[in-house]
Amino acid sequence: MSYQNAMDAIQLKMPEKIPRTEYSASVYWGLIRAVTSIPVDSGSGEAVKRRAMMAFEKAWDFGFTWSVLTGAPVLDQCRTRMGHAVYAEGGTDYDTRVECPFTEVGQVLSFDPYAVYGERNRALLTQEYDAHYDILCAEHPDQVNMTGIYITMISGLLEIFGWEMLLEGLGEDSDRFGAVANRYADWILQYFEALAASKSEVVMIHDDIVWTSGPFVNPQWYRKYVFPNYEKLFEPLHRAGKKILYTSDGTFDTFVDDIAACGVNGFVMEPTTDMAYIARKYGKTHCFVGNADCRILTMGTKEDIRREVERCMNIGRDCPGFFLAVGNHIPANVPVENAIYYNQCYEELAWRN
């Protein structure tokens, strides 16, 4: 049922049961142990972890697993390291590396991605996307699977320059930095062309274009240098008939209409983005995924958690492409009993009839 519900939602066919997905929960071993009774933790072997993750996702009726292939490692030849705070269970994501290859803003404004990273073999890239997709299909056989790109535009520039040099470049000369963005789009296009040739029917395109407070530069800059490049990058995906799901962290209310105009088929959002607006304007033409708040699961009462699930369900119930998810992940600091109660509320409220 999970696969069919999810594919029906992506195709806007109004499944009887509202589908769902979650992020990070599949590596929250305490929760997985409680749900599956499989004795697994961060030190378990990969085979045990995989079996436990599959059992958990089946128990929680995941419709799809959010996944991309192309991310920061393809920029390793020249990129900024910004470190990483503890988020994952056991602190496995903690990273103290902080380093930037750029020492002055002129280096940023003259940066040429093709000169630094070079041309890629598109046929080989497509093979890598297909291999990634095949692995996911084997690991999540009851779900809609996907591959995709994490470093679309802003996220790619951020990986290269880091926040300080990126903002310095914008502040020094926003149009020259826009030209850097254009050159980056020309370079990353080869990945989009390869993705278009892949076997995955659904692709995930990620780009963290805003902060929680909203845009970090004048919205007109995005409309001059980001969204026209989205149209160029998405064009091969459209020609190939892909369903494009788009993810941005933060609050992208300002740009919902711009993103829709670029031809995405669905929105994935955090709790700070106005899901009700998306439902009102695009609920019959697009799928959307969200946007329960993990802060309520972490600190709220059972009544608070139920109200939050009801809020999301009331927004999405009449929209054929709605998926429930905790929009800002279910990390390991969410009490296990709260996460289990959240799932109980989902199961009670997910049926449309």
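Is Asp293 buried or exposed? Select Asp293 and check: with a relative accessibility of 9%, which is under the 20% cut-off, Asp293 counts as buried. Keep in mind as you click around that this is a predicted model.

**Stop 1: around Asp293**

With Asp293 still selected, add Arg295. The two form a salt bridge, and their closest N and O atoms are 2.6 Å apart. Arg295 has a relative accessibility of 46%, so Arg295 counts as partly exposed. For a group of charges rather than a pair, select Asp76, Arg79, Arg81 and Glu159: salt bridges with shared partners join these four into one network.

**Stop 2: the open sheet**

Now switch to a cartoon view and pick out strands 3 to 8. They make an open sheet of six strands in the order 3-4-5-6-7-8, and the pairing is parallel. Start at the edges: strand 3 (147-149) and strand 8 (322-326) each have a single partner strand, so one side of each has no neighbour in the sheet. From one strand to the next, the twist averages 25 degrees.

Walk across the sheet from strand 3. Strand 4 covers residues 202-206, runs parallel to strand 3, and is joined to strand 3 by three bridges. To see one of the partnerships, select Gly148 and then Met204 in strand 4, which is the bridge partner of Gly148.

Next comes the pairing of strand 4 with strand 5, again in the parallel sense, over five bridges. Select Val202 and you'll find Lys243 of strand 5 standing opposite. Strand 5 spans residues 243-247 and is mostly covered, with four of its five residues buried. On to strand 6: strands 5 and 6 pair over three bridges in the parallel sense. The residues to click here are Leu245 and, opposite in strand 6, Gly266.

**Stop 3: helices against the sheet**

Which strands does helix 12 lie across? Select residues 275-282 for the helix, then strand 6 (266-268), strand 7 (287-292) and strand 8: helix 12 lies across these three. Relative to strand 7, helix 12 runs at about 160 degrees.

Now jump to helix 1, residues 2-10. How many of the nine residues of helix 1 are buried? Seven are, so to speak, under cover: helix 1 is mostly covered. Select Ser2, Asn5, Ala6, Met7, Asp8, Ala9 and Ile10 to show the buried residues. These pack against strand 4, strand 5, strand 7 and strand 8. Just beyond the helix, take a look at the backbone of Leu12, which follows helix 1 and has a positive phi, near 60 degrees.

**Stop 4: salt bridges across the sequence**

The structure has 22 salt bridges in total. Begin with Asp61 and Lys17, whose side chains meet at 2.7 Å, N to O. Asp61 belongs to the loop between helix 3 (46-59) and strand 1 (81-84), while Lys17 belongs to the loop between helix 1 and helix 2 (29-36), so the pair ties together parts 44 residues apart in sequence. Colour both by accessibility if you like: Asp61 counts as buried at 12% relative accessibility, and Lys17 is buried too, with a relative accessible area of 5%.

Then select Arg50 and Glu139. Their side chains also meet in a salt bridge, at 3.1 Å, N to O. Arg50 sits in helix 3 and Glu139 in helix 6 (residues 122-139), so this pair ties together parts that are 89 residues apart in sequence. Arg50 counts as partly exposed, at 36% relative accessibility. Glu139 counts as partly exposed as well, at 24%.

**Stop 5: rings**

There are 31 aromatic pairs to hunt through. One of them is Phe56 with Phe62: the ring centres are 5.9 Å apart and the planes stand at 70 degrees, so the pair is edge-to-face. Turn on the surface and you'll see that both Phe56 and Phe62 are buried.

For a last click, go to Tyr346 and add Arg20. The charged end of Arg20 sits over the Tyr346 ring, 4.5 Å from the ring centre.

Methods:
Residues are numbered from 1 along each chain as its sequence is written. This is a predicted model: local features need pLDDT of at least 70, side-chain atom pairs count only at pLDDT 80 or more; totals for chains, interfaces and linings use all residues. Side-chain values use heavy atoms; hydrogens and water are left out. Two strands pair if DSSP finds at least two bridges between them. Helices (H or I, at least four residues) and strands (E, at least two) are DSSP runs, numbered from the N terminus. Axes are lines fitted to C-alpha atoms, for helices over the stretch in contact, and angles run from 0 to 180 degrees between N-to-C directions. Contact means heavy atoms within 4.5 Å. Rings of Phe, Tyr and Trp (its six-membered ring) pair if their centres lie within 6.5 Å; planes under 30 degrees apart count as stacked, over 60 as edge-to-face and the rest as tilted. Buried means under 20% relative accessible area, exposed over 50%, partly exposed in between (1.4 Å probe, protein chains only). A charge sits over a ring if NZ of Lys or CZ of Arg is within 6 Å of the ring centre and within 35 degrees of the ring normal.
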